[in-house]
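Student: Before we discuss any assignments, could we have the sequence and the model in view, and then ask what justifies each description?

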There are 2 protein chains.
Amino acid sequence: MKLDTTKKILIVGLGLIGGSYARSLTDQGYYVTAITGRQKTIDYALSVGMIAKGAASPDPALISEADLVVFALYPGVFLDWIRDYQQYFKPGAILTDVTGVKGCIVDPIQDILRPDVEFIACHPMAGREVSGVENSDPTIFRGANYVVTPTKRNTPEAIELCCHLGEVLGFARISTLSPDEHDDIIGFVSQLTHCIAVCLMTCEHNEHLQDYTGDSFRDLTRIARLNDEMWSELFLRNKPALLRQMSLFEAELARLRQRLEADDREGLREMMRASTARRALFDKKTN
Amino acid sequence: MKLDTTKKILIVGLGLIGGSYARSLTDQGYYVTAITGRQKTIDYALSVGMIAKGAASPDPALISEADLVVFALYPGVFLDWIRDYQQYFKPGAILTDVTGVKGCIVDPIQDILRPDVEFIACHPMAGREVSGVENSDPTIFRGANYVVTPTKRNTPEAIELCCHLGEVLGFARISTLSPDEHDDIIGFVSQLTHCIAVCLMTCEHNEHLQDYTGDSFRDLTRIARLNDEMWSELFLRNKPALLRQMSLFEAELARLRQRLEADDREGLREMMRASTARRALFDKKTN
């Protein structure tokens, strides 16, 4: 099942990611509507032409005309929204999302969802250090990864539609993982890296650090500017996987420290060569 | 004392950084020569016109004509070079360097140096993931920081000359620190970040990691491609400061972990807000 332009698409939650979906899909000729918490956001989205219609509350008319609904909400809000408003979905509607954690979302939603609609979870792995619809920008999807996390309850048609949505949005690589695999990998590549960036910024109190800094420190702390409301929720909802990844990383840092303490130069070089080889491979495949 | 174009400049060690100095200074009309270990490197440098003359061994004629000598060698090689060839320096010559650690270099060199020449240490905080003269590129200095690390034994004239060299090379911010302050800060902003990047690459063995990665992980591991010969020496020569900075970071990561384990959402948000505020300030001053 392809996402053709006869499909009506509703975005619920018009922030950085929801807004970037809306801009991209509208620009490509899709009919896009939005529901979000603030009238100001709807007014802005209408004024720049990124949506055809919008409402600042869960308008039954908008919900019931949508063939595809994209949820770009915080996890807790998302669960409540489904519970409270699912009676308005059009029969046969496909629901998807952009949530950064999956285990705590996918089963609970599929458990309570009406049998005549389908939820297929998805994680577009793109972002910026700034939030809000005004900063939305579909170019953040270029070259980025898009992960679909189907379960046994999903149909091949819905998985295909969701993958096609990723293609339409311009993602470079579209893959599928189970929700648990996703959460483990995300705990490592995304959440652990944000923990590290935060700790690098909060652990040192030299007032003039910025005068003595190279690109490496700037790179490692770019993501230290983050939306604390969203990220604290993502960390807590993926707590077991994130704690596991933190432990793996701490043990590896301890291994490097032991080699440094022991003046084991060859041991240090061996870790550096492994890291260099691995990162080079990585570059080749991603760029 | 300014670096005017009547000064003859000798670069010892024509790698990524030495080569970038040579290209920049030659392009700006300075007379630049080089001594480096391989004839192939000298041939390349002459063929692209980045130096006026060069030698693959410590040629007394090249050494004795230089008013300013820039050492771009590994720390151990640098110390040996001074011991073995300092008799050839022109009286009144100024020596500087690009070494990434200072405590282990500055005092030993100033201790053994002839009294009629002066060594003023300097750290241009720029680099690339690739090494070698072929990859040298003076644009890496743009927007970067340049730190001069004088001691009581340095003259105001030499400090001024060294600062002016940083300006000529195009560095955005030129500052001075004591060698010990430098090593503490470098242990944090540069060496600790390289330790983290290496450990992120070596601690996880998912074969297809690159398919599920966002920009954050790519940013944090860009510097995981590194010259193991150079970095292992830099780590070991700055061991006490680096171990201290690792401990500070590990304690901060443990603080975040405790808040996560305790479901202390407000505590997590407080760390994230502190990190966001600090990083925003940092951006303003650096960009």
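**Strand pairing and the chain contact**

Tutor: Let us begin with a single bridge in this predicted model: B:Asn145, in β8(B), is the bridge partner of B:Met125.

Student: What makes β7(B) and β8(B) a pair of strands?

Tutor: Two strands count as paired when at least two bridges are found between them, and β7(B) and β8(B) are joined over 4 bridges, in the antiparallel sense, so the criterion of at least two bridges is met.

Student: Why are β7 and β9 of chain B said to stand at the edges?

Tutor: The open sheet has 3 strands, in the order β7-β8-β9 (chain B), with mixed pairing. Because β7 (122–125) and β9 of chain B each have a single partner strand, one side of each is left without a neighbour in the sheet. From one strand to the next, the twist averages 15 degrees.

Student: Which helix packs on the sheet, and what angle does its direction make with that of β8(B)?

Tutor: Helix α6 (residues 156–169) of chain B packs there, touching β7, β8 and β9 of chain B, and its direction makes about 170 degrees with that of β8(B). Angles here run from 0 to 180 degrees between N-to-C directions, so a value of about 170 degrees belongs to directions that are nearly opposite.

Student: How many residues does each chain bring to the contact between chain A and chain B?

Tutor: Chain B contributes 76 residues and chain A contributes 76 residues. On the side of chain B that touches chain A, α11(B) gives the largest share, 15 residues, and by class that side has 39 nonpolar, 17 polar and 20 charged residues.

Notes: Residues are numbered from 1 along each chain as its sequence is written. Chains are lettered from A and ligands numbered from 1 in the order in which they are written. This is a predicted model: local features need pLDDT of at least 70, side-chain atom pairs count only at pLDDT 80 or more; totals for chains, interfaces and linings use all residues. Two residues are in contact if their C-beta atoms, placed from the backbone, lie within 7 Å. Helices (H or I, at least four residues) and strands (E, at least two) are DSSP runs, numbered from the N terminus. Ala, Val, Leu, Ile, Met, Phe, Trp, Tyr, Cys and Pro count as nonpolar, Asp, Glu, Lys and Arg as charged, and the others, Gly among them, as polar.
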